[in-house]
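Reader: Hey, I've just opened this one and don't know where to start. Can you walk me through some of its aromatic rings?

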Amino acid sequence: MDFEGKLENIIKQHLDLEKKIADPSSMNQQEFAEFSKEYSDRQPVVELAKEYLAAFSEQADLEEMIEDPEMKEMAEEELSQIKKKLPEVKKKIQIALLPKDKADTKNAILEIRAGTGGEEAALFAGNLFRMYQRYAEKRGWKMEIMSISETGIGGVKEVSASITGKDVFARLKFESGVHRVQRVPETETSGRVHTSAATVAVLPEAEEVDVKIDEKDLRIDVFRASGPGGQCVNTTDSAVRITHIPTGIVVSQQDEKSQHKNRAKAMKVLMARIYDAERAKADAERAADRKSQVGSGDRSERIRTYNYPQGRVSEHRINLTLYKITEIIESGELDEIIDALTAEDQAERLAAAV
């Protein structure tokens with residue numbers, strides 16, 4: 001079937017869905033919800049398909065008009081515009097038809113850990129966390145700190161937070177990796193530029209349908225929490241450590257005074273990490289024969305450098321450099337970077353699909 005035939009088929013299938021949801025009495029509530037969602041999800045590509053077919057038909061008409069000497073000049077001008085438009089719309093359709101990452105619509109768990117660089121690395125980790133907080137605010141997302149280990153002067157050794165909202169994982173999934181900073185530390189007296197790093201992990205929040213965890217595969221230890229939290233946190237066995245024996249993944253949670261709440265939070269993180277590991281394994285198998293330009297999301301992969309003396313942010317995976325470090329770090333203006341990474345990912349997947 002040629003491209004135009006495929007588009008006509010897409011439009012026909014959409015009309016069939018429209019007829020189905022026009023008669024909700026013929027199905028149960030779950031089926032109606034599923035068909036309605038499918039209809040809504042397909043609407044954008046159907047609109048593009050109609051636009052393409054209309055332009056394709058107009059091209060044929062214009063090619064006939066060129067044969068008429070009186071219409072030739074006008075037809076050639078319009079035909080030139082149509083021939084430019086068709087490939088652009090076709091590419092949009094091909095991107096829209098790429099297989100969707102089912103995790104894109106999920107909420108996410110953000111984890112940031114200070115890397116090499118001592119106190120300066122912890123300060124940078126704190127900068128990154130606040131950057132994502134501001135980005136979440138801009139997009140109307142809700143961000144809830146699950147656990148945090150702070151230093152005395154505004155730094156963060158490690159922090160994890162739950163982010164809920166529309167398309168959270170789709171927007172943040174390329175943020176995973178090593179972020180590097182080059183600047184003169186506040187604690188540095190000689191004015192030398194230091195390089196330090198922090199690791200960012202963005203995990204899609206897993207639901208029970210995504211990950212099956214058998215209770216017998218868990219080892220749960222309770223212990224007394226350490227660090228800030230008042231007398232209560234230090235005198236009761238409220239902290240929880242959960243080990244998933246088959247994978248060796250360990251999650252500890254101690255921020256809440258209630259053992260029950262700590263266990264619930266730890267399970268949420270554990271499910272996300274197991275789900276992320278399963279996705280990474282599947283992605284590695286699919287990508288065994290090609291190297292993704294956007295990167296694997298490997299936590300050890302250096303993805304971005306924030307250079308304060310030069311005021312630039314360099315995104316190494318796509319050779320993007322922006323001279324707006326203040327807007328990015330202080331105001332959370334990440335969309336330009338995220339849009340470029342998303343476009344590169346789409347181009348890479350489109351090339352692999354051809």
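**Rings and a helix**

Author: Sure, starting with burial: Y52 is buried, at 6% relative accessible area (buried is under 20%, exposed over 50%, partly exposed in between, with a 1.4 Å probe and protein chains only). This is a predicted model, where local features need pLDDT of at least 70, side-chain atom pairs count only at pLDDT 80 or more, and totals for chains, interfaces and linings use all residues. Residues are numbered from 1 along each chain as its sequence is written, and side-chain values use heavy atoms, leaving out hydrogens and water.

Reader: How many aromatic pairs are there in the whole structure?

Author: The search finds 4; rings of Phe, Tyr and Trp (its six-membered ring) pair if their centres lie within 6.5 Å. Y52 and F56 are stacked, because their centres are 6.2 Å apart and their planes are at 15 degrees (stacked is under 30 degrees, edge-to-face over 60, the rest tilted).

Reader: Is F56 buried or exposed?

Author: F56 is partly exposed, at 35%.

Reader: Which residues do ring pairs link into a cluster?

Author: F3, Y52 and F56.

Reader: New topic: where does α2 bend?

Author: At Q43, by about 40 degrees, and the proline P44 follows within four residues. The bend is the angle between axes fitted to the seven residues ending there and the seven starting there. Helices are DSSP runs (H or I, at least four residues), numbered from the N terminus.

Reader: And what do the buried residues of α2 pack against?

Author: They pack against α1 (3-21) and α3 (72-96), with contact meaning heavy atoms within 4.5 Å.

Key: Helices (H or I, at least four residues) and strands (E, at least two) are DSSP runs, numbered from the N terminus.
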